[in-house]
Amino acid sequence: MIAPNAQERLTQIVEPLLFWYQKNKRSLPWRDQPTPYRVWVSEIMLQQTRVEAVKPYFERFLSQLPSIQALASCPEDRLLKLWEGLGYYSRARNLQKAARLLVEQYGGQLPADYRQLTALPGIGDYTAGAIASIAFGIAVPAVDGNVLRVISRILCCGDDIGLPQTKQSFRQLLLPVVPQHSAGDFNQALMELGATVCLPSSARCLLCPLAALCRAHQEGCTQQYPVKAPQKARQIQQRTLFAILCRTAEGTFTLLHRRPDSGLLAGLWEIPSVEGALTEEQAQQAAAQLLEPFGLSVLSVQPQKPARHIFTHIEWQMSCLLVKTGDSTLSRSQIDRLLPEDFLLTDRLDSVSLPSAFQSYTSLLTTLIGSY
């Protein structure tokens with residue numbers, strides 16, 4: 001429940017927060033040159049990804065796709081390769097969908113309008129607020145997880161921050177507080193405070209410029225806020241992977257499969273797999289069935305070390321078999337003609353976008369392709 005004097009309390013944080021920010025803000029590549037395009041790309045990359053992890057990806061992405069027009073015209077496989085390792089690939093696809101709309105409807109420029117920004121694919125209230133305030137100086141809030149935590153503690157607000165209505169009520173509360181003259185700095189300052197001082201498990205109150213205005217600090221209950229309902233337990237999924245080495249007259253290749261266009265890792269390449277944890281005998285039969293239509297036979301099957309990968313709500317527990325084929329009587333081009341569109345024969349794993357979920361086994365394949 002938000003206290004009646006919440007608005008007054010939040011109005012008092014503006015000056016000390018901005019003063020602290022000017023003295024303590026981190027130097028970040030998107031912050032040092034806050035053009036609309038750079039702000040937009042950085043905000044999308046930073047969703048559910050740490051700042052330090054984003055930095056090298058941001059620099060590489062901007063060097064390869066320096067404009068909205070370049071992003072709009074980029075082949076999808078190249079775009080996903082640039083995004084490889086950041087995860088949540090739908091973010092990259094939405095970036096490109098939005099870029100194409102911007103080229104078609106806005107002359108290749110982001111609109112300096114909050115509502116128009118929220119109408120673009122992949123841009124919600126927070127991202128629109130960040131772009132509008134940082135890139136265009138529009139006085140609208142940008143309420144992310146850091147801001148929710150900071151405001152919850154300042155107000156001792158026990159509303160569940162995981163609920164959309166809580167985010168919306170905080171946004172409405174901050175709307176008249178955001179200063180017209182420095183909207184971008186104010187929003188970034190709140191986020192910076194949450195990222196570096198008002199931390200989730202160990203708030204550094206002695207360093208906080210808002211300690212005197214923070215009810216949770218004054219009442220000694222900082223760790224009780226913010227309130228968030230417990231997450232559901234992750235769903236465990238067993239998968240059996242086939243890391244395939246195909247030997248042909250032209251050399252050794254591996255076989256990849258493109259995942260369906262919807263669902264987890266939609267449309268990305270993967271090491272072929274089946275659901276469930278198969279026995280070695282079952283796996284050998286499954287591998288033979290997979291390869292037979294392509295004129296390939298199984299020479300050997302070698303179990304590899306198990307691996308796991310954790311997504312937001314799902315955990316993959318993976319077993320993997322290294323499958324070696326016998327010498328094929330078919331050439332690579334003949335095999336290619338037998339492959340459906342969702343399969344690819346390649347000896348260059350670095351040229352396609354493979355999610356980090358498969359990293360343990362893609363490293364193995366990369367090593368072995370040149371030696372088998």
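# A tour starting from Ala132

Select Ala132 first: apart from its neighbours within four places in sequence, Ala132 is in contact (heavy atoms within 4.5 Å) with Leu117, Gly137, Ile138 and Val140. The model on screen is predicted, and local features are described only where pLDDT is at least 70 and side-chain atom pairs only at pLDDT 80 or more, whereas totals for chains, interfaces and linings use all residues. Residues are numbered from 1 along each chain as its sequence is written, and side-chain values use heavy atoms, with hydrogens and water left out.

Stay on Ala132 and colour by secondary structure, where helices (H or I, at least four residues) and strands (E, at least two) are DSSP runs numbered from the N terminus. Ala132 belongs to helix α10 (residues 125–136), and its relative accessibility of 0% means that Ala132 counts as buried; here buried stands for under 20% relative accessible area, exposed for over 50% and partly exposed for what lies in between, with a 1.4 Å probe and protein chains only. Add Val39 to the selection: Val39 and Ala132 are 93 residues apart along the chain, and their C-alpha atoms are separated by 9.6 Å.

## The whole chain

Zoom out for an overall view. The protein has 17 helices and eight strands, and its C-alpha trace spans about 80 × 45 × 30 Å along the principal axes. Of the 372 residues in the protein, 49% are buried, and among contacts with a separation of 6 or more, 70% are between residues 24 or more positions apart.

## Helices α2 and α13

Next select helix α2 (residues 14–24) together with helix α13 (residues 183–196), whose axes come within 9 Å and cross at roughly 70°; the axes are lines fitted to C-alpha atoms, for helices over the stretch in contact, with angles running from 0 to 180 degrees between N-to-C directions. This crossing makes α2 roughly perpendicular to α13, on a scale where angles under 35 degrees count as roughly parallel, over 145 as roughly antiparallel, 65 to 115 as roughly perpendicular and the rest as oblique. Show side chains here: the residues of α2 that meet α13 include Trp20 and Tyr21, and their counterparts in α13 include Phe186 and Leu190. By class, the contact of α2 with α13 has nine nonpolar, four polar and two charged residues, where Ala, Val, Leu, Ile, Met, Phe, Trp, Tyr, Cys and Pro count as nonpolar, Asp, Glu, Lys and Arg as charged, and the others, Gly among them, as polar.

## Aromatic pairs

Now display the aromatic side chains, among which the structure holds six aromatic pairs. Rings of Phe, Tyr and Trp (its six-membered ring) pair if their centres lie within 6.5 Å, and planes under 30 degrees apart count as stacked, over 60 as edge-to-face and the rest as tilted. Tyr37 and Trp40 form an edge-to-face pair, because their ring centres are 6.2 Å apart and their planes stand at 65°. Both residues lie in helix α4 (residues 36–45), three residues apart, which is about one turn of the helix, and both Tyr37 and Trp40 are buried.

Move to Phe294 and Phe343, whose rings have centres 5.4 Å apart and planes at 55°, so this pair is tilted. Because Phe294 lies in the loop between α15 (280–291) and β5 (298–303) and Phe343 in strand β8 (residues 343–346), the pair ties together parts that are 49 residues apart in sequence. Phe294 counts as buried at 5% relative accessibility, and Phe343 counts as buried at 15%.

Then select Phe311, Trp316 and Phe358, which ring pairs link into a cluster. Add Arg239, whose charged end sits over the ring of Trp316, 5.1 Å from its centre; the criterion is NZ of Lys or CZ of Arg within 6 Å of the ring centre and within 35 degrees of the ring normal.

## Thr254 in strand β2

Centre the view on Thr254, which is placed in strand β2 (residues 251–258) and is buried with a relative accessible area of 0%. Beyond neighbours within four places in sequence, the contacts of Thr254 include Ile244, Leu344, Leu345 and Ile369. Ile271 is 17 residues from Thr254 in sequence and 8.9 Å away in space, C-alpha to C-alpha.

## Backbone stops

Finish with the backbone. The peptide bond from Tyr225 to Pro226 is cis, with omega near 0°, and Pro226 lies in the loop between α14 (215–218) and β1 (235–248). Tyr88, a residue other than glycine, has a positive phi near 45°; Tyr88 sits in the loop between α7 (76–83) and α8 (90–105) and is partly exposed, with a relative accessible area of 37%. Leu265 has a positive phi near 55°, and Leu265 is found in the loop between β2 and β3 (269–270), where Leu265 is buried with a relative accessible area of 13%.
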